[in-house]
Amino acid sequence: MSKPNNTHKRPSWDEYFIGMADAVSKRATCDRGRSGCVIVRDRQMLVTGYVGSPKGLPHCDEVGHLFKKLHHEDGTVTQHCVRTVHAEQNAICQAAKLGIALEGSTLYCRMTPCRTCAMLIINCGIVRVVCEKRYHSATESEEMFKEVGIKLDYFSQDIEKYERQ
């Protein structure tokens, strides 16, 4: 029997799950940060989440963004859409609804989680976070993860950019 000439490269587990997070992001309803999240334990997907408004409320894609300005200590001002729930938050809520413990799991997402998501990730017992890219103002999250021993890995050191940041 001859060996097939196969050029297919099987993805690593991290590539596989970050690809799933990317697929989940296609359901997102805010065009500023279409993001998806997958939470995995023992190479098994537990839950997913994507950026979207709370159940029953209008989505950005339907009615537009709800911007709030954030004034930083260094004097910079950034704008954030607050109409939606982050992908990480939605995945964690999904786990709570389904009674799935996240202790010891790995979270895959598009960009570094924000401070609030980082705090939820810490309290859920998630032990590793894998991001496709960095987020422009996520040094606080990175520091918190380091302080509590959560392993943080990036596929790329590129910083996620989008309009009216």
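Y16 counts as partly exposed at 37% relative accessibility, where partly exposed is the range between buried (under 20% relative accessible area) and exposed (over 50%), taken with a 1.4 Å probe on protein chains only. Right beside Y16 is F17: the ring centres of Y16 and F17 are 4.9 Å apart and their planes stand at 65°, so the pair is edge-to-face. Here rings of Phe, Tyr and Trp (its six-membered ring) pair if their centres lie within 6.5 Å, with planes under 30 degrees apart called stacked, over 60 edge-to-face and the rest tilted. F17 itself is buried, with a relative accessible area of 2%.

A word on what you are looking at: this is a predicted model, in which local features need pLDDT of at least 70 and side-chain atom pairs count only at pLDDT 80 or more, while totals for chains, interfaces and linings use all residues. Residues are numbered from 1 along each chain as its sequence is written, and side-chain values use heavy atoms, with hydrogens and water left out.

**Aromatic rings around helix α1**

A pair of aromatic rings is described by the distance of the centres and the angle of the planes. By the ring rule, the count comes to four aromatic pairs. In one of them, W13 and Y16 have their ring centres 5.8 Å apart and their planes at 85°, so this pair is edge-to-face. Both W13 and Y16 lie in helix α1 (residues 13-25), three residues apart, or about one turn of the helix. Helices (H or I, at least four residues) and strands (E, at least two) are DSSP runs, numbered from the N terminus. W13 is partly exposed, with a relative accessible area of 37%. Together, W13, Y16, F17 and Y108 form one aromatic cluster.

**Salt bridges**

Side chains of opposite charge can pair when their charged atoms come close. The rule used here asks for a side-chain nitrogen of Lys or Arg within 4 Å of a carboxyl oxygen of Asp or Glu. Searching the whole structure finds eight salt bridges, and the table shows some of them.

| Salt bridge | N to O distance |
|---|---|
| K9 and E15 | 3.6 Å |
| R128 and D153 | 2.8 Å |
| K151 and D153 | 3.1 Å |

For the first row, K9 is exposed, with a relative accessible area of 61%, while E15 counts as partly exposed at 33%.

Now to D153, which meets the side chain of R128 in a salt bridge. R128 lies in strand β6 (residues 128-135) and D153 in strand β7 (residues 151-154), so the pair ties together parts that are 25 residues apart in sequence. R128 is buried, with a relative accessible area of 18%. K151, which also bridges to D153, is partly exposed at 46%. The wider picture is a network of salt bridges that links D14, R128, K151 and D153.

There is a charge over a ring as well: the charged end of R134 sits over the ring of Y154, 4.2 Å from its centre. Sitting over a ring calls for NZ of Lys or CZ of Arg within 6 Å of the ring centre and within 35 degrees of the ring normal.

**Helices α4 and α5**

Helix α4 (residues 115-124) and helix α5 (residues 139-148) pack at an angle of about 20°, with their axes 8 Å apart. That makes α4 roughly parallel to α5, a term for angles under 35 degrees, with over 145 counted as roughly antiparallel, 65 to 115 as roughly perpendicular and the rest as oblique. The axes are lines fitted to C-alpha atoms, for helices over the stretch in contact, and angles run from 0 to 180 degrees between N-to-C directions.

One residue of α5 is E147. E147 is exposed, with a relative accessible area of 72%. E147 and T29 are 118 residues apart in sequence and 33 Å apart in space, C-alpha to C-alpha.

**The loop between β1 and β2**

Finally, have a look at the loop between β1 (36-41) and β2 (44-50), where D42 lies. Phi of D42 is near 50°, a positive value in a residue other than glycine. R43 lies in the loop between β1 and β2 too, and phi of R43 is near 60°, again positive in a residue other than glycine. D42 counts as exposed at 69% relative accessibility, and R43 counts as exposed at 52%.
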